[in-house]
Amino acid sequence: MEIRSTGLAEKVELHLNPRSVYIHVPFCAHRCGYCDFTLIAGRDDLIGDYLHALHREMEAGLQEPGTPELDTLFFGGGTPTHPSCDQLRELFRIVYDRLRLAPGAEISVEANPLDLTDEKLDVLADAGVNRISLGVQSFSPTTLTLLERDHTQNDIEVVMHRLRRRFQNVSLDLIFGVPGQSLQDWVDALRRTVELGPEHVSTYGLTWEAGTAFGTRRDRGELSPVDEELEREQYSMAMEHLSAAGFEHYEISNFAKPGFRCRHNEVYWAGSEYWAFGPGAARYLNGRRETNIRSVLGWLGRIERGEPAVAEAEVLEPRHRARELLFLGLRRSDGITRADFQRQSGFELDDVAGHAISKNVARGWLEQAETGIRLTQEGRFVADRVVADFL
């Protein structure tokens, strides 16, 4: 379909001074079989080199006059809580030397339950961290073993009680669609999650990525994906149970108590700009998307030689940016408003996607009003199919 400009395409809104930063910490004790993230396991000897390289990358990447002020700062991985307490203190020192935080800024850290000793919790709290995203994944011993997780249900309960003494914003990550995981197993996980009282819950369907151990085992016939209908029922149960417990389903995979949406991730879904540092980190600045080299050793080598660590880069043309805003916006339960879409992209929503909108409204997967569009309840089950029509 030809996209007709409103004449405002040259006035597309770009945030030339992003207020969000992502820091990738690639170290883990073990790579789980399903994991496709950028990480390196069993190489703690490289953490010092990583910290030195991160300092250099941030010095080179943040050259604007003054110190950027942030509304959100997110440490992801890998396992950001894997380094020692002294190494974590150095990590925060490096980051805070180049950045300052706005009052009320959200500072998130992904964490593994068994890493969170009292001393490490003190380090996080002293650094101003105010949001913990805990990689629980499951409460079932069988499922945890299959997923190659190193904690137990009891470990989760213990660490949640200890977290509560220091943090008022805790998120739990869960995985459904795991081989051997029954509907009742999943309902039990949701029930236990609600009982622990987190402010935020993320539920992800297991993905079978090429090159992972799970992908290889599937190809060999050693593991089989669950039935699509069971996976659908599990997702439906997440929506039902968490909504009944007072969580707002604000994004395809994310649920939050009122006032506890992940503000950093909302930056991504809104199509706003942000910095990112570390191996495999992806940033969006001045209409240009860049992704660092995924190899930790390769990233270290490039930084040490003073070479760019970027592996891929793309300047988004106005039409591409408009379609990307559709892809991102449809993930959110609030959907896409026509006014915001025109302000950000420079195009009218119906000129970009009128046919796709009509097609999916007719299917019952999309609802529209004068103000905008959003997925229906039924549309959330087939979100990937809906989005494909807009690309």
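Which residues of helix α3 (residues 118-126) are buried? The close-up views below, all taken from a predicted model, start with that helix and then move on to some other local details.

**View 1. The buried side of helix α3.** In α3, the buried residues are K120, L121, V123 and L124. Around the helix axis they span an arc of only 155 degrees, so they sit on the same side of α3. Their packing partners are two helices, α2 (85-98) and α5 (153-163), together with the strands β5 (100-111) and β6 (131-137). If you follow the chain to just after α3, you meet G128, whose phi is positive at about 90 degrees.

**View 2. A buried aspartate in strand β7.** Here we look at D173, which belongs to β7 (residues 170-176). What is the nearest side chain of opposite charge to D173? That is R131, 6.8 Å away, and D173 has no salt bridge even though it is buried. Leaving aside residues up to four places away in sequence, D173 is in contact with S133, L134, G135, V136 and Q137, and also with S202 and Y204.

**View 3. Q137, a positive phi in strand β6.** One of the contacts of D173 is Q137, and this residue deserves a view of its own. Q137 is part of β6, and its phi is positive, about 70 degrees, although the residue is not a glycine. With a relative accessible area of 9%, Q137 is buried.

**View 4. E148, a positive phi in a loop.** Now for a loop, the one between α4 (141-146) and α5, where E148 is located. Its phi is near 65 degrees, again a positive value in a residue other than glycine. Is E148 buried or partly exposed? Its relative accessibility is 27%, so E148 counts as partly exposed.

**View 5. Cysteines without a disulfide.** How many disulfides does a search of the whole structure find? The answer is 0. For C28, the nearest cysteine sulfur belongs to C35 and is 6.4 Å away, whereas a disulfide would need the two sulfur atoms within 2.5 Å. C32 is in no disulfide either; its nearest cysteine sulfur is also that of C35, at 6.6 Å. Both cysteines are buried: C28 has a relative accessible area of 7%, and C32 has one of 9%.

**View 6. A cis peptide bond between two glycines.** Our last stop is the bond joining G77 and G78, which is cis, with omega at about 20 degrees. G78 is found in the loop that runs between β4 (69-77) and α2.

Terms used: Residues numbered from 1 in each chain as written. Predicted model: local features only at pLDDT ≥ 70, side-chain atom pairs only at ≥ 80, totals over all residues. Heavy atoms only, no water. Buried < 20%, exposed > 50% of the residue type's maximum accessible area, 1.4 Å probe, protein only. Helix = DSSP H or I, 4+ residues; strand = E, 2+ residues; numbered from the N terminus. Arc of directions from axis to C-beta. Contact = heavy atoms within 4.5 Å. Lys, Arg positive; Asp, Glu negative; His and termini not counted. Salt bridge = Lys/Arg side-chain N within 4 Å of Asp/Glu carboxyl O.
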